[in-house]
Amino acid sequence: MSAGRVFLTGADGFIGRAVTERFGHDGWDVAGVDLAADPERGVVAGDISRPGAWQEAVSGADVIVHTAALVSNVVPRDRAWAVNVCGTRHVIDAAEAGNVDRVVVFSSLAVYSHHRDGNVDEHRPVRPTGGIYGDTKIAAEQVALQAHAEGRVTVTILRPGDVYGPRSRPWTILPVEMLRAGLVVLPARGRGTFVPIYVDDLVEAAVRAATSDDASGQVFNVTSGEAVETREFFGHYCRMLGIDGPRTAPTPVAVAVAEVSGRVLRMFGRPSEANASTMRMLAGTGDVSVDKARRVLAWEPEVGLVEGMRRTEEWLRSEGYLDG
């Protein structure tokens with residue numbers, strides 16, 4: 001598919017902005033929706049959890065890239081359902097009404113749960129765990145794939161790993177802030193498996209998913225292709241901060257510490273994803289295969305962890321996150 005018009009949900013978010021910039025650089029006409037309007041970037045105001053005028057802005061798009069989501073295990077379950085599941089339904093409805101050729105839906109490796117034994121590929125059944133984020137992503141995938149099966153709209157689903165890099169709040173900004181405050185205790189003594197992907201590699205996968213005919217109706221895992229222990233991943237941030245660590249503990253201890261510290265932080269209005277679900281995720285092991293994305297999309301992750309962390313450190317220093 002040649003350059004056309006692309007519409008982004010979550011256009012002002014971390015991933016949405018990165019995808020927007022890349023499509024714009026490639027010559028596409030870019031528009032989108034987020035909670036606040038940004039007319040200079042073609043972004044209209046709208047809440048995807050509810051039908052609204054924002055859906056009319058989709059008309060004329062060739063592709064929708066659906067990144068908007070509540071990426072959290074501590075928000076109210078009903079709110080996560082409204083945004084992640086019903087929001088996907090509203091995006092699909094808008095795509096059908098606007099005769100959009102393709103919807104690329106961002107999901108997550110969380111749909112596999114924390115039990116990633118072996119090298120998990122896209123044939124592995126999804127597995128609910130009771131975690132808010134993973135379970136709502138499973139349901140959102142069902143909404144999208146059902147619409148594809150019914151012939152309502154063409155859908156492609158991406159399941160990214162843990163996305164880090166400039167502007168990433170979950171896996172860059174928040175870890176740095178919490179490590180500096182001494183609030184990180186990794187479960188499984190830091191030997192759990194982390195499956196990272198640098199944001200630029202994810203953006204490249206999104207572009208290929210949006211433009212490849214072979215991606216129609218397909219689901220793709222998208223990671224850096226290298227799983228690492230959590231103590232190695234977070235250790236890069238400790239080095240940047242000039243502190244020892246990260247601290248580790250047996251999983252039951254880490255879960256208890258996270259539950260207490262998370263409640264206290266949220267009580268005082270400070271964002272924190274420290275809870276039992278997050279700790280169990282960080283205690284999980286196993287790798288994820290990206291062979292299908294390599295084969296079908298001709299996509300290859302290019303930024304390894306060392307290089308990705310070097311770029312991330314440059315950005316963190318330029319933004320003042322490593323000062324003091």
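Visitor: Is the crossing of α6 and α10 left-handed or right-handed?
Guide: This is a predicted model. Helix α6 spans residues 230-241 and helix α10 spans residues 305-318. Their crossing is right-handed.

Visitor: Which residues of α10 make the contact with α6?
Guide: On the α6 side, the contact uses Glu232, Phe233, His236, Tyr237, Arg239 and Met240. Facing them on α10 are Leu305, Met309, Thr312, Glu313, Leu316 and Arg317.

Visitor: How many charged residues does the contact of α6 with α10 have?
Guide: The nonpolar class has six residues. Two are polar. The charged residues number four.

Visitor: At what angle do the axes of α6 and α10 cross?
Guide: The two axes come within 11 Å of each other. Their crossing angle is roughly 35°.

Visitor: Is threonine 67 buried or exposed?
Guide: Threonine 67 sits in the loop between β4 (63-66) and α2 (77-97). Beyond its neighbours within four places in sequence, its contacts are Leu8, Thr9, Gly10, Ile15, Gly16 and Phe106. Its relative accessible area is 13%. The cut-off for buried is under 20%, so threonine 67 is buried.

Visitor: Is threonine 248 buried, partly exposed or exposed?
Guide: Threonine 248 belongs to strand β14, residues 247-248. Leaving aside neighbours within four places in sequence, it contacts Val185, Leu186, Arg189 and Gly190. Its relative accessibility is 34%. Buried needs under 20% and exposed over 50%, so threonine 248 is partly exposed.

Visitor: What separates the C-alpha atoms of threonine 248 and threonine 223?
Guide: Along the chain, the two threonines are 25 residues apart. In space, their C-alpha atoms are separated by 25 Å.

How values were computed: Residues numbered from 1 in each chain as written. Predicted model: local features only at pLDDT ≥ 70, side-chain atom pairs only at ≥ 80, totals over all residues. Heavy atoms only, no water. Axes fitted to C-alpha atoms, helices over the stretch in contact; angles between N-to-C directions. Helix = DSSP H or I, 4+ residues; strand = E, 2+ residues; numbered from the N terminus. Left-handed = near helix turned anticlockwise from the far one by under 90°. Contact = heavy atoms within 4.5 Å. Nonpolar A, V, L, I, M, F, W, Y, C, P; charged D, E, K, R; others polar. Buried < 20%, exposed > 50% of the residue type's maximum accessible area, 1.4 Å probe, protein only.
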